[in-house]
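Colleague: I would like to learn how to read a few features of this model, beginning with what lies over the buried face of a helix. Could you take me through them one at a time?

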Amino acid sequence: MCRYCVEYGKGTKWYLNPDNYRADLFQAPGHNTSFDMLSGTYKNNFEVGAAADSEANLPDYNFGGAFNIALENITQHQGQVVPLEDALKIIDLAYGDRFILMHCACRRYFGHKDVYSCLFFDPVVDRVLEQRPWETDSRVISREEAREFEMEMDRLGLVHSIWDAGVDTDGKPPIVMCHCLETDCMPTRIRAHFGIVNAQRKGEYVAVIDRKQCAEGCIKMPVCLPRCPFGAMRYSPLDQVASVNISRCFGCGLCRSACPTTAIKLMDRITYPTLVDVW
Amino acid sequence: MSESEYITPRYQISVDEEACGNAIDCLKCVKICLDHGPNVLGYMNKEAPEAPYPEKLEEIDHKIISAFMINCDGCKKCIESCPHQALSLIVPEPQKPRALIPQDASVVLCGKLADGTEVLQL
C-alpha cells in the first residue's frame, strides 16, 4: 500500500477511513495552514503564485525534492487520483451536509472559460462565504447534487482527485475534490512534466483490459484511447485491441467508463508487485 | 539534473505593472497566448485581499504572470496585443559549450605493433 494508506488507512484506503473525516483536525497545527489558505484570501497567491514564481526562483526546474516537501509540510496540500466509485464513496463519507462548488483557479487565471470543478467540503463553506465575498458564482450544494456532479465530471472526461489538508500524526483529512486535466491543470502538469509526485499521486488502482472482450468491442476506432489523460492507453492496429501500460496508468477509470463492453476493469495497484511502490 | 550551472535558455516576459494597470480589465495578452497555443500567460491578484473584503472580482487589483515558459515560442503576439505596451520579451542568449574536449572518433585497441612487439596482454 502507499504509505498513506498504511499509516492513515486503518486497514482501508486513507480516504475511505472515517477517522480522517474529522472537522476539528483543520484547526490542528499540521492542517490549519492549509485550511486557512484554502478557505481564505490567500488561495490564489498559493495556487497561481506557486506556478508563476517557480520560473524565476528555480529556472532549471530542478526542484522536485523541495517542491514535494513544501507540498507536504509547508502548504499542507497533496492530491491523489481516484476513480468515480471512490469519488462517490468520498462524497458519502464527507463531513456535514453541504459542499461548495467553485471555479477552478488554474483554468480561470490562464484565460480558459470558467469551469466549476472545485468541490470543497462542508468545514470550509462558512469561512469561504465570509472571506471571499467576490466569488459570487460559487454555489453551496447538497450531497445528492455533489454525487450527480461527480458523475457528470466523469462523463465529461475530467480526472477526479482527492486533496488533503496536510499529513500529520493526527490524520490526513480530505478537504476538496477536484477535476483535473493536463491541458489546463497546474498540479497535473507539474506531476507530468517535472515529476512532483505530491501534486498528483497515482490512484489506488490500475486499469486492465480483457483482450477477448475488447476484440468484440470497438475494433477499428477505440473510444478509450482519447479518454486517457496520462498516455497509458495503447492500441494495436494489427491486433485491433487496446491495452494498458500499467506503469503509466494512474487508475482514474475514465477509459473504463467509455468502454462499450466490460473489457476494462480497475484492479488494486498493490496486486502488481512491480507497482507496489509506484505512486 | 547534475550540479552544473547550465540553465535551459528560455524566453522571459517582462511586465510593466504600472503601464498595465489592473490586468483584469483587459487580458488581451492572456487570450492571445491561449489562442496561439503555449498558454504561458495568466493573471492573478497582486495581493491577498484584506478586510473589508471586496464584493466584486473586478475590485481586486490583478497582475499578469507567466508560468511554464518552456512552452513559449517567442511569437511576440502578446507584446503586439498589449494596448499599453506593457510587455516585453527577453530573448535568451544561446548557451555556448562550457568546454571543448577533443576526442577521437574511435579508439583502436591493438595488441601487437608492426614490428611484432606484444604491447597488450589480453
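Modeller: The buried residues of helix α2 of chain B are covered by elements that include β2, β3, α3 (77-81) and β4 (87-90) of chain B. Helices (H or I, at least four residues) and strands (E, at least two) are DSSP runs numbered from the N terminus, and contact requires C-beta atoms, placed from the backbone, within 7 Å. This is a predicted model, in which local features need pLDDT of at least 70 and side-chain atom pairs count only at pLDDT 80 or more, while totals for chains, interfaces and linings use all residues. Residues are numbered from 1 along each chain as written, and chains are lettered from A and ligands numbered from 1 in the order in which they are written.

Colleague: Which residues of α2(B) are buried?

Modeller: A residue is buried if 20 or more other C-beta atoms lie within 10 Å of its own, exposed if 12 or fewer, and partly exposed in between. In α2(B), residues 28-36, the buried ones are B:Cys29, B:Val30 and B:Cys33. Seen down the helix axis, they fall within an arc of 105° (taken over the directions from the axis to the C-beta atoms), so they line one face of the helix. After α2(B) comes B:Gly37, with a positive phi near 135°.

Colleague: How should I read the strand β2(B), one of the covering elements?

Modeller: Strands of a sheet pair through backbone hydrogen bonds, either parallel or antiparallel; here a pair needs at least two DSSP bridges. The strand β2(B), residues 41-45, pairs with β3(B), residues 62-66, in the antiparallel sense over five bridges, and B:Leu41 has B:Ser66 as its bridge partner. Five of the five residues of β2(B) are buried, so this strand is largely enclosed by the rest of the structure.

Colleague: In what order do the six strands of the open sheet in chain A lie?

Modeller: The order is β1-β5-β6-β3-β2-β4, with antiparallel pairing. At the edges are β1 (79-81) and β4 (139-142), each paired on one side only. Neighbouring strands are turned by 25° against each other on average, direction ignored; angles, from 0 to 180 degrees, are taken between the N-to-C directions of lines fitted to C-alpha atoms, for helices over the stretch in contact. Helix α7 (residues 122-131) of chain A packs on this sheet, touching β2 (98-102), β3, β4 and β6, and its direction makes about 55° with that of β2(A).

Colleague: Is A:Asp122, a residue of α7(A), buried or partly exposed?

Modeller: A:Asp122 is partly exposed, having 17 other C-beta atoms within 10 Å. Leaving out residues up to four places away in sequence, A:Asp122 touches A:Ala94, A:Tyr95, A:Gly96, A:Asp97, A:Arg98 and A:Phe99.

Colleague: And chain A as a whole?

Modeller: Chain A has eleven helices and ten strands. Its radius of gyration, over C-alpha atoms, is 19 Å, close to the 19 Å from the globule rule (2.2 Å times the number of residues to the power 0.38) for 279 residues, so chain A is as compact as a globular protein of that length. Of those residues, 45% count as buried.

Colleague: How many residues does each chain bring to the contact?

Modeller: Chain A brings 21 residues and chain B 26 residues. On the side of chain A, the largest share, seven residues, comes from helix α3 (residues 43-57).

Methods
Contact = placed C-beta atoms within 7 Å.
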